[in-house]
Each structure stands twice: as structure tokens, then as C-alpha cells.
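Colleague: I am new to this one, and I would like to hear the reasoning behind each label. Please show it to me first.

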Amino acid sequence: MEPTHIEHIGIAVESLEEAIPFYEKTFGLKCYSVEEVRDQKVKTAFFKIGQTKIELLESTAPDGPIGKFIEKKGQGVHHIAFAVKDLSTRLKELEQKDVQLIDKTPRKGAEGLNIAFLHPKSTFGVLTELCEKPEK
Ligand code: ZN
């Protein structure tokens, strides 16, 4: 599969309003985008570190995936995302290797990327996302 780099690290926070200024003041990073992903019931804020991003995730509904995550585990690292090429093919390969997939086919994520999640049961407890930049 050979991912090209870590696309981003997703961090669940209770409040973007608190977390964004913290990242800006403490680490000197600049938030360059805030975006709501409605079907994930989440508001995201992005920072760049080299070619990797930090994606802060605030839940917009208690029954959304981030709302449930924070209720169970509290704030913290939520997922890690690898940049890959040809995501559909990668997913088929993983399925053949009996890796449990949350998304069997790519769907639209933040920043216009095609994304798919692998189940943490198959990845040593780390929710893993694969991202592909769509061809223009
Ligand atoms: Zn993500």
C-alpha cells in the first residue's frame, strides 16, 4: 500500500473556540481553515506542520462520532490519517487481507479529500483513516 506521508492527525476537542487559540499561541501554528462536515456531525479546524496537518474535531451533536468518543474517552488523539494513492484499490486489497473496514468505498471528507476509515479492532486500537487527493 505504501502511504506517501501522514496526511493529518485528528484530535477530538470539546471546543474549537478554546483549542484554536491554544494551538496558535502555544505552538505558533496558524489555523487556515474551519469547516463543518455535516454527515460526520463535526466541525474541523486545520493547521499545517510541514506536509502534515493537525485536524481539530469538535462535535456538533452528542450522538455524532466525536461526541460519543469524548463521552467515552475524553479529549485526545482520535485518529491518524495516511495519504495513499488509488484509495478504492487499497480498500479492496485490505479487505482481502481481512482488515475490518468502516468504509468499504471512499467517501468525501474535509478539504475535498476522498477518505475511508479502517476499524480500530484491526489496527491495534488506532482508528486509521486513508486519504486520497481526488484527480482534478
Ligand atoms: Zn481525519
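Colleague: Why is His79 called buried or exposed?

Modeller: His79 has a relative accessibility of 3%, and since buried means under 20% relative accessible area, exposed over 50% and partly exposed in between (1.4 Å probe, protein chains only), His79 counts as buried. This is a predicted model, in which local features need pLDDT of at least 70 and side-chain atom pairs count only at pLDDT 80 or more, while totals for chains, interfaces and linings use all residues. Residues are numbered from 1 along each chain as its sequence is written, and side-chain values use heavy atoms, with hydrogens and water left out.

Colleague: Which residues coordinate the zinc ion?

Modeller: The zinc ion is coordinated by His8 (NE2), Glu55 (OE), His79 (NE2) and Glu129 (OE), at 2.0 to 2.4 Å; donors are N, O and S atoms within 2.8 Å of the metal (3.2 Å for Na, K and Ca), and sites may look incomplete because water is not among the atoms.

Colleague: What makes Glu55 and His79 a pair that ties parts together?

Modeller: Glu55 lies in strand S4 (residues 52-59) and His79 in strand S5 (residues 76-83), so the pair joins parts 24 residues apart in sequence, strands being DSSP runs of E with at least two residues, numbered from the N terminus. Glu55 is buried as well, at a relative accessible area of 7%.

Colleague: How do you know how many disulfides there are?

Modeller: A disulfide is a pair of cysteine sulfur atoms within 2.5 Å, and by this rule the count is 0. For Cys31, the nearest cysteine sulfur is that of Cys131, 18 Å away, so Cys31 is in no disulfide.

How values were computed. Helix = DSSP H or I, 4+ residues; strand = E, 2+ residues; numbered from the N terminus.
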